[in-house]
Amino acid sequence: SPAFGFSFDATSVRTQVSSVNNVITQYFNALTNGELDPSTMIDEFNTALEAAGLNDIIAEKQAQLDAWVAAQQS
C-alpha cells in the first residue's frame, strides 16, 4: 500500500472523533444485533455520523495522507 507507514493525527478533529464515536455507540450494537431495522435505520445512522463530523474527519485524514505521500516522493 502506498499509505504504509502513514499515521493519522486526529488532534485537529478530536471533537468530531468523539462525536462520531458516540453515534457509533448509540447505533452500532443495536443494528448489528438486529434490534433495529436496518432498512430504515442505516440512513438515520449515516445522517447522524455526518452530523457528528464524519466528513470533517475524512477530509482531514485525506489532507494529511496527501501531504505525507507528497513528502515521501520528495
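1. Start at the end of α2. The residue that follows this helix is Gly 53, and its phi is positive, near 110°. A second glycine belongs beside it in these notes: Gly 34, just after α1, takes a positive phi of about 85°. Bear in mind throughout that this is a predicted model.

2. Length of α1. The helix covers residues 14-32. Its 19 residues should span 27 Å at 1.5 Å a residue, and the end C-alpha atoms sit 26 Å apart, so expectation and model agree. The axis does bend, by about 30°, at Thr 25.

3. Length of α2. This helix runs over 38-52. It has 15 residues. From first C-alpha to last it reaches 20 Å, close to the 21 Å expected at 1.5 Å a residue.

4. Which residues of α2 are buried? They are Met 41, Phe 45, Ala 48, Leu 49 and Ala 52. Viewed down the axis of α2, these buried residues fall within an arc of 100°, so they line one face of the helix. The general rule behind such a pattern is simple: an α-helix has 3.6 residues a turn, so residues three or four places apart point the same way.

5. The other side of α2. Exposed residues Ser 39, Asp 43, Thr 47 and Ala 51 are carried on the face turned away from the buried side. Take Ser 39, which is found in α2. Its relative accessibility is 57%, so Ser 39 counts as exposed, the cut-off being over 50%. For scale, the C-alpha atoms of Ser 39 and Pro 2 are separated by 36 Å, with their positions 37 residues apart along the chain.

6. Buried side of α1. Here the buried residues are Gln 16, Val 20, Val 23, Tyr 27, Ala 30 and Leu 31. They pack against α2 and α3. On the α2 side, the cover over the buried residues includes α1 and α3.

7. How do α1 and α2 pack, and at what angle? The angle is about 170°, and the axes are 8 Å apart. Angles over 145 degrees count as roughly antiparallel, and α1 and α2 are therefore roughly antiparallel to each other.

8. The α1/α2 contact. From α1 come Gln 16, Ser 19, Val 20, Val 23, Ile 24, Tyr 27 and Leu 31. They meet Pro 38, Met 41, Ile 42, Glu 44, Phe 45, Ala 48, Leu 49 and Ala 52 of α2.

9. Val 23 as a worked case. This residue lies in α1. Its relative accessible area is 9%, and Val 23 is buried because that is under 20%. Not counting residues up to four places away in sequence, Val 23 touches Phe 45, Ala 48, Leu 49 and Ala 52. Val 23 and Ala 48 are 25 residues apart in sequence, yet their C-alpha atoms are 6.6 Å apart in space.

10. Is Gln 64 buried or exposed? Gln 64 lies in α3, residues 54-73. At 17% relative accessibility, Gln 64 counts as buried, since the limit is under 20%. Leaving aside neighbours within four places in sequence, its contacts are Phe 6, Ser 7, Phe 8 and Asp 9.

Key:
Residues numbered from 1 in each chain as written. Predicted model: local features only at pLDDT ≥ 70, side-chain atom pairs only at ≥ 80, totals over all residues. Heavy atoms only, no water. Helix = DSSP H or I, 4+ residues; strand = E, 2+ residues; numbered from the N terminus. Buried < 20%, exposed > 50% of the residue type's maximum accessible area, 1.4 Å probe, protein only. Contact = heavy atoms within 4.5 Å. Expected span 1.5 Å × (residues − 1). Bend = angle between axes of the 7 residues up to and from the residue. Arc of directions from axis to C-beta. Axes fitted to C-alpha atoms, helices over the stretch in contact; angles between N-to-C directions. Parallel < 35°, antiparallel > 145°, perpendicular 65-115°, else oblique.
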